[in-house]
Each structure stands twice: as C-alpha cells, then as structure tokens.
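Me: I have a model open and would like a close look at one part of it. Could you pick a stretch of strands, go through the pairing, and then place that stretch in the chain as a whole?

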Amino acid sequence: MEMNGNLLRIENLKIEVEGKEILKGINLSINKGEIHALMGPNGTGKSTLAFTLMGHPRYEIKEGSIFYLNEDLTKLNTSQRAKKGIFMAFQYPEEIPGVSLESFLRNTYNSKNGKEISFLEFRKILKEKMKFLEMDDVFLKRYVNEGFSGGEKKRNEILQMAVFEPTLAILDETDSGLDIDSLKIVSMGINKLMNPELGILIITHYQRILNFIKPDFVHILMDGKIVKSGREELSKMLEEKGYDWVRKELNSQRL
Ligand code: ADP
Ligand code: MG
C-alpha cells in the first residue's frame, strides 16, 4: 500500500475539453519526497493536467486512471481531494473582494482539516507559519489578492500552502510575472515547505524557477503527451536550446 511511498500515479490519461482531446495518454508517477517539474510550450495541456488533478468538471476523462495514495482519485470531488491533502496554487489567483487574507487562510485551514478553529487559535498558527517563511505580517489585514502586487500574490499562495500542509502540491506557473527578488522569496518558501512526506509538481514554461528549486525529475509535455523525461539537466537543455530542439529530435525519431 502506502509502504512504497507512491503518492500519485497517472496511467494513460486522456482528457477532453469541450469535445477536443487535449491530453493524449499521460503517464506520470510521483513519490513522496520528490519534486517533479512539468515543462512545455504554451497550450500543450499543462494547466489541463493540473485542473484535472483537482477535479475540475470541465475536464472530461476519456481514458486512463489516476491513483492518489493508491485510491482512485477520479471518484472524489474537488473538496474531498483537498481534504486528502491535494493543494493547487492557481496560475491566476482570483480576487475575492471583502475577504481578508487572514479569514481566507483560516477558511483554507478549516476546510482542509474539517474543523472550525477560533480566530485566536488560527492567528497563532498563522504567526508560526509566517515566521517560518520569514514573512512580514503587515499585510494580513489586507483583502485577498486585492491590491496585492504580482509578487505578493505569489507569496500569499506559498503562505496558503504552508497553512494547508499539503501531501501533494501542484504549483501551476508560480513563477509567472515574478521579478527576480520575488522569485527567490517564493522559491525559498517552497524549499522550506518541502519535506519527505510531500510531493510537488511544479508546472512551468520557463526553466528560471528551477535554478532555485531543484527538481528530481523533469518532464516535457508537448501536444498532450509527455515526450521526454529526465533529470535536472533536461531543463538546462531547454534553457539553452528551447523547445524546438525537442521537436526536431522527435521528428527525426519518426523518420
Ligand atoms: P498550457 O497550460 O500548457 O498552456 P492548457 O492546458 O491551458 O495549456 O491548454 C491546452 C489547450 O486546451 C489549449 O490550447 C486550449 O485549446 C484548450 N483549453 C484549455 N482550457 C480550455 C477551456 N477552458 N476551454 C476551451 N479550451 C480549453
Ligand atoms: Mg497553463
């Protein structure tokens, strides 16, 4: 069972969005304590995979299976998945007017843990998490993502991840729109939160964030398929040669 440390196992997954096949047979396995990077050009289905893992109803499973902690994940709805420790930081954090960051995070905590804790109790937890992440607590009173800069929004996502204490974290384009200082802070936060019980799937178009977060495995997604998997060097190759190099290699293999 869980003895082997397997967190997520995706087998021959085919996904349709509004009648169009986007994912065309994905195989991916993530164990506890591993960081996997999923890279690929825009529009190849990276976010589709992330939303599918969260159980978004728009993404229709046509074939294949997803196991999470050896349980059929597709049988669970989004909130059940969250309760079981799957966390997703979204590419475009939504603005929720009138909800302060603190009460938003408390909600996250309560729904994950299935209990209601008081503001006072939660504040203690939050203070610890913020200290751990070396975050300033001045912006706690601010409203969720309203008036936050791009970098601050991303930092909030990491704080949300810290409060959530995930078993599997899916970070979709966490690096997009970050200046180098914010990128370093966000990466440091993710590295601090990494632990032997956690698996992380970092989805990114660019290699940049992988200078700060060392992936154990790198996968390249193209046209709905993982066309290449490797170690960290693979992302360095992409930085040097771009995705065209992978395309050329694939084409020459087809000849
Ligand atoms: P990536 O994250 O790699 O940029 P996406 O998973 O967002 O790629 O999108 C893959 C393809 O799926 C897109 O080219 C688009 O055609 C289609 N797609 C994704 N989301 C939707 C949607 N909500 N409605 C219609 N088509 C979509
Ligand atoms: Mg995307």
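**Strand E4 and its surroundings**

Reply: Let's start with the whole chain: contacts between residues 24 or more positions apart make up 69% of those with a separation of 6 or more. Keep in mind that this is a predicted model.

Now to E4, which covers residues 59–68 and pairs with strand E1 (residues 6–17) in the antiparallel sense, over 8 bridges. One of the bridge pairs puts Leu-8 together with Tyr-68 of E4. Tyr-68 also stands opposite Glu-71, a residue of E5. That second strand, E5 (residues 71–72), runs antiparallel to E4 and is joined to it by 2 bridges. Between E4 and E5 there are just 2 residues, giving a hairpin, and Leu-69 in its turn has a positive phi of about 50 degrees.

A helix residue comes into the picture here too. Thr-48 sits in helix H1 (residues 46–54), and leaving out residues up to four places away in sequence, Thr-48 touches Ile-15, Val-17, Ile-22, Leu-23 and Tyr-59. Thr-48 counts as buried because its relative accessible area is 10%, under the 20% cut-off.

Zooming back out, the chain has 8 helices and 10 strands. Its radius of gyration is 18 Å, close to the 18 Å from the globule rule for 255 residues, so the chain is as compact as a globular protein of that length. The C-alpha atoms fill a box of roughly 65 × 40 × 40 Å along the principal axes, and 48% of the 255 residues count as buried. As for charge, there are 37 positive and 37 negative side chains, with the centres of the two sets 1 Å apart.

Definitions and conventions: Residues are numbered from 1 along each chain as its sequence is written. Chains are lettered from A and ligands numbered from 1 in the order in which they are written. This is a predicted model: local features need pLDDT of at least 70, side-chain atom pairs count only at pLDDT 80 or more; totals for chains, interfaces and linings use all residues. Side-chain values use heavy atoms; hydrogens and water are left out. Two strands pair if DSSP finds at least two bridges between them. Helices (H or I, at least four residues) and strands (E, at least two) are DSSP runs, numbered from the N terminus. Buried means under 20% relative accessible area, exposed over 50%, partly exposed in between (1.4 Å probe, protein chains only). Contact means heavy atoms within 4.5 Å. The radius of gyration is taken over C-alpha atoms; the globule rule is 2.2 Å times the number of residues to the power 0.38. Lys and Arg count as positive and Asp and Glu as negative; His and the chain ends are not counted. The place of a charge is taken as NZ of Lys, CZ of Arg, CG of Asp or CD of Glu.
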